[in-house]
Amino acid sequence: MVIRGERTICKRDSYILFGPRTPHSYRESELPFVNDWFHCLGDEMESLLADLGLPLDTLLPATDPSLISRSIMEMHRVRKLGGPLASAILDTEIRSLLMKLSNLRELSLSERQGRSFRQLSELRDTLYNSPQERHTVESLASRLHLSKSYFQHLYKELFGCSVVTDIINGRMEYAKYLLQHSSYSVSEIAAMCGYNHDTHFMRQFKKFVGVSPGQFRAGALRRE
């Protein structure tokens with residue numbers, strides 16, 4: 001398929017809604033070639049697609065491919081049969097098909113997001129339970145078989161902060177606990193929280209907690 005001069009290979013069980021002025025062409029890449037299609041125009045079409053969240057000129061997965069084929073066959077039957085209500089019936093059929101496609105797309109997105117939320121929640125628990133581990137964004141994304149950019153976007157969307165910030169927060173919580181409930185030195189605590197250098201740990205602690213590790217420990221002792 002070529003859309004505005006850009007070539008792409010269409011996956012099986014997919015569909016696309018072309019805008020009325022979008023230059024495009026397509027042909028088979030392998031046989032058998034199955035191609036259901038229909039043209040429609042209407043003043044309300046643009047706003048309807050926007051309300052349904054169906055983008056133009058974008059290849060989308062068909063969760064239920066037979067739905068499209070059945071709908072097009074029914075529209076063809078109605079048009080061939082004719083009658084005084086044929087146009088109104090076709091309008092309803094087109095709206096119904098688009099709403100069903102939007103509904104299936106939302107269900108699919110919700111399912112994927114739900115699965116990602118469970119996986120990311122488990123990963124987040126791991127980060128907080130093992131603050132001494134040294135993680136990279138790339139390695140964490142790889143665990144979930146996601147690209148680095150999508151992993152970062154999804155993590156922030158679900159939890160409201162970046163994964164890097166969460167890693168630091170987990171380390172800071174553990175450091176505060178050790179400063180308050182142990183006699184380990186600041187250097188030892190820095191190492192136990194995954195830091196190679198005391199200076200980096202102390203600088204980051206003051207940035208995130210507001211006081212130095214020593215000041216935090218002294219304040220905790222006074223409170224006790």
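A cavity, on a 1 Å grid over the protein atoms alone, is a set of points where a 1.4 Å probe fits but cannot get out, and its lining residues have an atom within 4 Å of a point. The structure is a predicted model, in which local features need pLDDT of at least 70 and side-chain atom pairs count only at pLDDT 80 or more, while totals for chains, interfaces and linings use all residues. Residues are numbered from 1 along each chain as its sequence is written, and side-chain values use heavy atoms, with hydrogens and water left out.

**Cavity**
- A search of the whole structure finds one cavity of 30 Å³ or more, and the volume of the largest cavity, taken as the space filled by probe spheres set on the points, is about 40 Å³.
- Tyr15, Pro61, Ala62, Thr63, Asp64, Leu101, Leu104 and Arg105 line the largest cavity, and helix α3 (residues 86-129) gives the most to this lining, with three residues.

**Helix α6**
- Helix α6 (residues 163-181), a DSSP run of H or I with at least four residues, has 19 residues and reaches 27 Å from its first C-alpha to its last, close to the 27 Å expected at 1.5 Å a residue, where the expected span is 1.5 Å times one less than the number of residues.
- The buried residues of α6 (under 20% relative accessible area, 1.4 Å probe, protein chains only) include Val163, Asp166, Ile167, Gly170 and Arg171.

**Sheet**
- An open sheet of three strands has the order β2-β1-β4 with antiparallel pairing, and its edge strands, β2 (6-7) and β4 (24-25), each pair on one side only.
- Strands (DSSP runs of E, at least two residues) pair if DSSP finds at least two bridges between them; β1 (residues 2-3) and β2 pair over two bridges, and Val2 has Arg7 in β2 as its bridge partner.

Terms used: On a 1 Å grid over the protein atoms alone, a cavity is a set of points where a 1.4 Å probe fits but cannot get out, and a pocket is an open set with protein on both sides within 12 Å along at least five of seven lines; lining residues have an atom within 4 Å of a point. Buried means under 20% relative accessible area, exposed over 50%, partly exposed in between (1.4 Å probe, protein chains only).
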